[in-house]
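Visitor: I've got the sequence and the model open, and I'd like a quick tour. Can I start with the sheet?

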Amino acid sequence: MSSEANRVRILSAWNSIVNDELSMNIDTNEKMKEFENQISENKVYDLIEEKLGIKALKVVYIPTGMQYSDYSINAEDGVAITYYKYKDTIVSVCMYRKDLMSNRAQKFDGEIVDSVELYAENISTKIWNIKDSDEESYISEFEYENGYYTICGDMPQSEFEKLVSAIIF
């Protein structure tokens, strides 16, 4: 008996068991969802580079409990933000296009607690501890080529520093 005949025979037996109704239950597993998120996250990086003309900041180190969530791009204002869920909070990665006609200045209400080196680009950045929340909130900012970048989130300082130091463009 050929494999095609076996398939037909098995389907025939199955149909008689379920009264000629074929039903399928498809279970999406977490790995597949992670893969789909990875694809969409990579597409977002391409969109940012295309619409803003800056290098997209890519998060390489993902702490346990953190996953890509969403993004927004405003090409007119030259701003893109990617959002990540970390436990019950949001980690934001903001990217701003430098223009000849604009200047960007930010002042954080907190204190500098450390500085880290972005391994891939040899950029040194400060880590700020922000006092406005009940959680441990940290912010880091730096410039790269024709963009300004800010990362902020509520997470332990050591995790935040690992996240920032492993960023690539």
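Visitor: Over how many bridges do strand 4 and strand 5 pair?

Guide: A heads-up: this is a predicted model, where local features need pLDDT of at least 70, side-chain atom pairs count only at pLDDT 80 or more, and totals for chains, interfaces and linings use all residues. Residues are numbered from 1 along each chain as its sequence is written, and side-chain values use heavy atoms, with hydrogens and water left out. Two strands count as paired if DSSP finds at least two bridges between them. Strand 4 and strand 5 (residues 123–130) are antiparallel, and the number of bridges is 8.

Visitor: Which residue of strand 5 is the bridge partner of Ile112?

Guide: Strand 4 and strand 5 make a hairpin with 4 residues between them, and Asn122 in the turn has a positive phi of about 55°. Within that pairing, Ser115 has Lys126 of strand 5 as its bridge partner. For Ile112, the partner in strand 5 is Trp128.

Visitor: Zooming out, what pattern does the protein chain follow along the sequence?

Guide: Helices (H or I, at least four residues) and strands (E, at least two) are DSSP runs, numbered from the N terminus. The protein chain has 3 helices and 7 strands. Read along the sequence, they give α-α-β-β-β-β-β-β-β-α.

Visitor: Which strands stand at the edges of the sheet, and why is one side of each left without a neighbour?

Guide: The 7 strands form an open, antiparallel sheet in the order 1-2-3-7-6-5-4. From one strand to the next, the twist averages 20°. Each edge strand has a single partner strand, so one side has no neighbour in the sheet; these are strand 1 (66–74) and strand 4 (110–118).

Visitor: Helix 3 lies across several strands, so at what angle does it run to strand 4?

Guide: The buried residues of helix 3 include Phe160, Leu163 and Val164, and the buried set packs against strand 1, strand 4, strand 5, strand 6 and strand 7. Axes here are lines fitted to C-alpha atoms, for helices over the stretch in contact, and angles run from 0 to 180 degrees between N-to-C directions. Helix 3 (residues 157–165) runs to strand 4 at about 40°.

Visitor: Which three residues touch the most other members of the largest nonpolar core?

Guide: That kind of core is a set of buried Ala, Val, Leu, Ile, Met, Phe, Trp, Tyr and Cys residues joined through side-chain atoms within 4.5 Å. Of its 31 residues, the ones touching the most other members are Leu57, Met95 and Ile151.

Visitor: Is Ile151 buried or exposed?

Guide: Ile151 sits in strand 7 and, leaving aside neighbours within four places in sequence, it is in contact (heavy atoms within 4.5 Å) with residues including Leu57, Phe142, Phe160 and Leu163. Buried means under 20% relative accessible area, exposed over 50%, and partly exposed in between, with a 1.4 Å probe and protein chains only. With a relative accessible area of 0%, Ile151 is buried.

Visitor: And how many disulfides are there?

Guide: A disulfide needs a pair of cysteine sulfur atoms within 2.5 Å. The sulfur of Cys152 is 5.4 Å from the closest cysteine sulfur, that of Cys94, which is too far for a bond. Cys94 is buried at 9%, whereas Cys152 is partly exposed at 24%. The disulfide count is 0.

Visitor: Which side chain makes a polar contact with that of Ser137?

Guide: Ser137 lies in strand 6 (residues 137–144) and is buried, with a relative accessible area of 9%. A polar contact is a pair of N or O atoms within 3.5 Å; within protein, one must be able to donate a hydrogen and the other to accept it, and residues adjacent in sequence count only if both atoms are side-chain atoms. At 2.2 Å, the side chain in question belongs to Asp154.

Visitor: Last one: what is the relative accessible area of Glu76?

Guide: Glu76 lies in the loop between strand 1 and strand 2 (79–86). Its C-alpha is 8.6 Å from that of Leu52, with 24 residues separating the two in sequence. Glu76 is exposed, and its relative accessible area is 75%.
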